[in-house]
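Visitor: I'm new to this structure and would like a close look at one part of it. Could you walk me through the empty spaces, and then show me what else sits around them?

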Amino acid sequence: MGYIEEAMTLAQKYEDFFMLISLCEQTNDVNKLEQYKVMFREQGFLDVLYNWYMEQGNWGRLLSLKEQSSNEDYSNLLSSHPYLSWIHHIGNDDFGKAAISLKTLAHEENAFSGRQKMMLVLSNLAALASEESDVEDHVTGVEHELENIEHQNNILQALGKDLETRPPNKPDDIIEQCLGDNTGVFEECYPSIIHTLNSIQDVTRRMELSTATWCKCILNDRWEACALLQLNAILGEKLFTKTLQFCQQNDTYKGLIPKFEDIISSAELVNRLKTDQSFYQQLKACYEMLSIS
């Protein structure tokens, strides 16, 4: 204890607030800490204490400082550290603001996709507890984002990715990972791939990746020549046919169905189509079987 008391004396003399806080926490000396809050208030002790609790992740202790801080001090803290604002709003029963803060944080999250999902879930819970007039719009929007994340996670899991430690991915990045995969992710996850493709906001980018995705889907199948009588049965089992049918049966995805002319003129298929008439006929039959023009 002698060493700690001497260290406290020196830290107090030179106003080493970080050391004072560290020693108080180490010895669990609450009374000393309270003294320093008053003694060094004008010298910015509370600011250092804020940062200490932030670094330690001690949110409860940090928020308890509200009672000892001026409204201006506390507002400045929250504006500097957005991760605290939603907790503060919850504590004040201001669930509408908490919902908005959490949604904003989710959109800014770039380290862990799991944390992004958690923030969106909490955002909806806060919105449901609020009395805001636009609750339904908020909840619907967040549920749509959560659905996107769920489909993306299905794909990433099939690709063997660690969902907990991965940063959030953009939908076009995920589609590109699928295009570079040869382990059968298309067959396992084609509904999620179509959904993720459809969620790409940039229309030009979406159409560019759409063509590549359909070609990858086609090349995932084997297209050996077959007897005409067996054609429909065989084509019905093709991944390409199943994916076309999936889009055809879902109004949301109908816009992704490629025209036959675009498929047969795609760079990925054109060379094979020139030399394999059966391949051409089977692709055409897929469209005819589903009555797709």
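Guide: Happy to. Keep in mind that this is a predicted model. Let's begin with an aromatic contact: the charged end of Arg272 sits over the ring of Phe279, 4.2 Å from the ring's centre. Phe279 also belongs to a cluster joined by ring pairs, along with Trp214, Trp223, Phe240, Phe260, Tyr280 and Tyr287. Another member of that cluster, Trp223, has a charge over its ring too: the charged end of Lys238, 4.8 Å from the centre. Across the structure there are 14 aromatic pairs.

Now follow Trp214 out of that cluster, since Trp214 also helps line the largest cavity. How many cavities of 30 Å³ or more are there? The count is 1, and the space inside the largest cavity is about 50 Å³. Joining Trp214 in the lining are Phe186, Tyr190, Ile193, Ile194, Thr213, Cys217 and Thr243. Two elements, α12 (185–198) and α13 (203–220), each give two or more residues to this lining. The largest share, 4 residues, comes from α12. As for character, the cavity lining has 6 nonpolar and 2 polar residues, with no charged ones.

Next comes the open kind of space. About 550 Å³ lies in the largest pocket. It is lined by 23 residues, and the closest to the pocket's centre are Gln116, Gln152, Asn169, Lys170 and Pro171. Which elements supply at least two residues each to the pocket lining? They are α8 (95–108), α9 (113–129), α10 (135–158) and α11 (171–179). Here α10 provides the largest share, with 7 residues. The mix of classes in the pocket lining is 8 nonpolar, 10 polar and 5 charged residues.

While we're at α10, which spans 135–158, there is a record to bring in. An unreviewed UniProt entry places a "coiled-coil region" at residues 139–166. In the model, that stretch is 71% helix and 0% strand, and the C-alpha atoms at its two ends are 25 Å apart. Gln152, one of the residues closest to the pocket's centre, has a number that falls inside the annotated range of 139–166.

So much for the tour; here are the two spaces once more. The cavity of about 50 Å³ has no charged residues in its lining, while the pocket of about 550 Å³ has 5 of them. α12 gives the largest share of the cavity lining, and α10 gives the largest share of the pocket lining.

Technical notes. Residues are numbered from 1 along each chain as its sequence is written. This is a predicted model: local features need pLDDT of at least 70, side-chain atom pairs count only at pLDDT 80 or more; totals for chains, interfaces and linings use all residues. Side-chain values use heavy atoms; hydrogens and water are left out. Rings of Phe, Tyr and Trp (its six-membered ring) pair if their centres lie within 6.5 Å; planes under 30 degrees apart count as stacked, over 60 as edge-to-face and the rest as tilted. A charge sits over a ring if NZ of Lys or CZ of Arg is within 6 Å of the ring centre and within 35 degrees of the ring normal. UniProt positions are given in the numbering used here, feature names are shortened, and annotations may be inferred rather than shown by experiment. On a 1 Å grid over the protein atoms alone, a cavity is a set of points where a 1.4 Å probe fits but cannot get out, and a pocket is an open set with protein on both sides within 12 Å along at least five of seven lines; lining residues have an atom within 4 Å of a point. Grid points are joined across faces, edges and corners, and a volume is the space filled by probe spheres set on the points. Ala, Val, Leu, Ile, Met, Phe, Trp, Tyr, Cys and Pro count as nonpolar, Asp, Glu, Lys and Arg as charged, and the others, Gly among them, as polar.
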